[in-house]
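Here are my notes on the two-chain model you sent over. I have set them out as numbered points, so you can follow along in your viewer.

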Amino acid sequence: MSHEVLIVDDDQMVLYLHKMLVQQSGFYPDPRTFDQAKEAVDYILQGTDQEKMYVVLLDINMPVMNGWEFLEKINGSGIRDQVLVVMITSSIDKADREKAAQYPLVIDYLEKPVNITVLKRLRERLLLDRFFRNGPGDQ
Amino acid sequence: MLVNPNPYQILVVEDNPGDLMLIGEYLKEKLSVPRIIPATTFKEGRQIVADQGATLQVILLDLSLPDKSGEELITEMVAASGNIPLIVLTGYGDIAFSVKSLSLGASDYLVKDELSASSLYKSILYSMERKKHSMELKDSEKRYSELFHLSPLPMWVDDLESFQFLNVNAAAIDNYGYSREEFLKMSVLDIIPCDEVARVREAARRSVATKGLLRHGNFRNRKKDGTLIFVDIQSNRIHFKGREARVVLANDVTERINHITAIEQQNEKLRQIAWTQSHLVRAPLTRMMGIVDILKNFSTGEMNREDLLDHLISSSHELDGIIRKINQQTENIDLKDGYES
């Protein structure tokens with residue numbers, strides 16, 4: 001089973017930082033970044049590999065399509081079993097955290113700023129969950 | 001029969017000395033202390049009433065006096081006598097008119113040729129008692145009428161079928177801007193906006209079905225100048241001049257409701273500020289924290305140190321801008337602001 005890590009955030013600087021941390025933490029060597037949620041949805045929906053898992057680091061507050069709309073789109077598609085979402089947001093609003101918990105495909109909720117320790121821990125958790133057993137992240 | 005020991009002061013308006021003497025004799029038989037004040041003309045009698053009215057218990061009035069007689073005499077004496085009972089003394093020839101004298105306001109009439117000590121005494125007592133009761137009733141009516149008219153809260157009486165205003169108090173006239181005459185030509189339906197008609201009819205149905213006080217809640221009413229106000233309506237059934245009606249208390253709560261709306265608007269603004277705090281402030285802040293983390297712990301990858309520092313500076317300016325904006329929003333929150341809008 002292959003997998004891919006996507007980073008979705010409208011802030012270019014955040015995309016740069018998160019990409020670096022994902023690489024440095026050994027989470028994934030070459031994450032794909034999107035500054036528009038819509039493009040990330042399209043990318044996932046256009047995928048042809050039915051075995052492939054997508055791990056999405058998702059911001060909430062974005063123009064055009066926000067994190068919630070992204071979740072709705074994926075949730076309503078046939079591909080939702082192939083998507084795991086980690087919300088990464090600057091929001092410390094409790095309501096956002098509670099709302100995220102209602103989506104089964106959201107596996108974690110992280111408050112910005114994330115650091116390398118947090119991402120290493122997330123990676124280990126996913127390994128334990130055996131999602132990465134056969135993937136490149138396990139090397 | 002026992003002699004009544006109370007002191008009585010009685011005005012006798014009688015031009016015939018023989019009749020006056022006879023009346024005096026009769027009174028002395030039944031009253032221990034009768035004080036008779038004689039007068040021989042209407043003019044004299046009226047002067048005595050004007051001077052000593054408060055001390056008089058009863059007036060005995062002969063129907064034909066040298067200066068005035070008949071209907072005119074009675075009408076003017078009744079007007080002058082006020083609270084004092086007036087008993088008319090009459091001869092046989094005037095019996096038909098004597099009956100009419102009662103409707104003009106006399107308390108009783110006595111035919112002179114049939115007069116006796118006991119009939120005179122009885123008539124005096126009855127007349128005084130009746131007058132007392134009718135005065136009490138008038139007093140009580142006046143008190144209730146004042147309760148209605150002087151109430152600081154707007155009140156009216158309206159017909160349960162036609163919604164016609166049957167009475168309004170001063171506070172209602174003051175609050176709505178319609179004169180009393182204007183009110184009495186209108187119905188409740190004339191002072192409500194169209195979309196309240198169904199609720200008003202429903203409230204009337206409840207009033208018909210219920211005895212006792214009803215709270216109907218808030219309604220919108222329109223003043224004469226067109227302003228819409230909120231009134232808290234309570235009503236109670238009454239019979240008013242033979243009609244099924246209700247007395248309505250219309251407490252103007254517009255100001256209170258405006259205050260609540262203003263507070264709700266403020267809460268909404270505060271929610272927006274809280275949302276901004278949570279989402280917008282932290283965006284540049286977390287970015288700065290991330291950059292610092294990278295600068296401190298890692299080689300900077302594709303970006304050089306200078307670029308990262310530039311981002312750090314622009315993020316700090318962004319943060320400053322947002323905080324200034326929040327400050328402005330907070331200053332804009334003003335009770336008056338919301339109240340007037």
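Buried means under 20% relative accessible area, exposed means over 50%, and partly exposed is in between. Please keep in mind that this is a predicted model.

1. Let me use that cut-off straight away on a pair in chain B. Lys68(B) has a relative accessible area of 17%, so this lysine counts as buried. Its partner Glu76(B) has 29% and is therefore partly exposed. The two side chains form a salt bridge, with N and O 3.5 Å apart.

2. Glu71(B) takes part in another salt bridge, with Lys100(B), at 2.9 Å from N to O. This pair ties together distant parts of the chain: Lys100(B) sits in helix H4 (residues 95-103) of chain B and Glu71(B) in helix H3 (residues 70-81) of chain B, 29 residues apart. Lys100(B) is partly exposed at 38% relative accessible area, and Glu71(B) is partly exposed at 38% too.

3. For a local pairing, have a look at helix H5 (residues 117-149) of chain B, which holds both Glu129(B) and Lys132(B). They are three residues apart, about one turn of the helix, and they form a salt bridge whose closest N and O atoms are 3.7 Å apart. Glu129(B) is partly exposed, with 38% relative accessibility, and Lys132(B) is partly exposed, with 46%.

4. Salt bridges also join up into a network in chain B, made of Glu14(B), Asp19(B), Asp62(B) and Lys112(B). Over all chains, the count comes to 27 salt bridges.

5. Now to the interface. How many residues of chain B are in contact with chain A? There are 21 of them, and they meet 19 residues of chain A. Between them the two chains bury about 1,700 Å², and 65% of this area is on carbon and sulfur atoms. On the chain B side, His279(B), Arg282(B) and Phe298(B) supply 31% of the area buried against chain A, more than any other three residues.

6. The charged pairing across this interface is quickly listed, as the count between chain B and chain A is one salt bridge. Asp11(A) and Arg287(B) form it, with their closest N and O atoms 2.4 Å apart. You may like to check that distance in your own viewer. Side chains of opposite charge can pair when their charged atoms come close. As for polar contacts, three residue pairs are found across the interface, with both residues at pLDDT 80 or more.

7. Which elements of chain B give two or more residues to the side that touches chain A? They are helix H9 (254-297) and helix H10 (305-332) of chain B. The largest share, 13 residues, comes from H9(B). By type, the residues on this side of chain B divide into nine nonpolar, eight polar and four charged.

8. Ser278(B) is a good residue to click on within helix H9 of chain B. Its relative accessible area is 7%, which means that this serine is buried. Leaving out residues up to four places away in sequence, Ser278(B) touches Ser90(A), Ser91(A), Ile92(A) and Asp93(A).

9. Asp293(B), also a residue of helix H9 of chain B, is the one I would ask you to view with care. This aspartate is buried yet has no salt bridge. The nearest side chain of opposite charge belongs to Lys296(B), 7.5 Å away. What Asp293(B) does have is a side-chain polar contact of 2.7 Å with Asn297(B). Not counting neighbours within four places in sequence, Asp293(B) is in contact with Leu21(A), Asn115(A) and Phe298(B). Phe298(B) is one of the three residues named above for their share of the area that chain B buries.

10. Finally, a word on the partner chain. Chain A has five helices and five strands, and along its sequence they follow the pattern β-α-β-α-β-α-β-α-β-α. Of its 139 residues, 51% count as buried. Among contacts in chain A between residues at least 6 apart in sequence, 64% join residues at least 24 apart.

Key:
Residues numbered from 1 in each chain as written. Chains lettered and ligands numbered in written order. Predicted model: local features only at pLDDT ≥ 70, side-chain atom pairs only at ≥ 80, totals over all residues. Heavy atoms only, no water. Contact = heavy atoms within 4.5 Å. Buried area = accessible area lost by both parts, 1.4 Å probe. Salt bridge = Lys/Arg side-chain N within 4 Å of Asp/Glu carboxyl O. Polar contact = N/O pair within 3.5 Å; in protein donor to acceptor, adjacent residues only side chain to side chain. Helix = DSSP H or I, 4+ residues; strand = E, 2+ residues; numbered from the N terminus. Nonpolar A, V, L, I, M, F, W, Y, C, P; charged D, E, K, R; others polar. Buried < 20%, exposed > 50% of the residue type's maximum accessible area, 1.4 Å probe, protein only. Lys, Arg positive; Asp, Glu negative; His and termini not counted.
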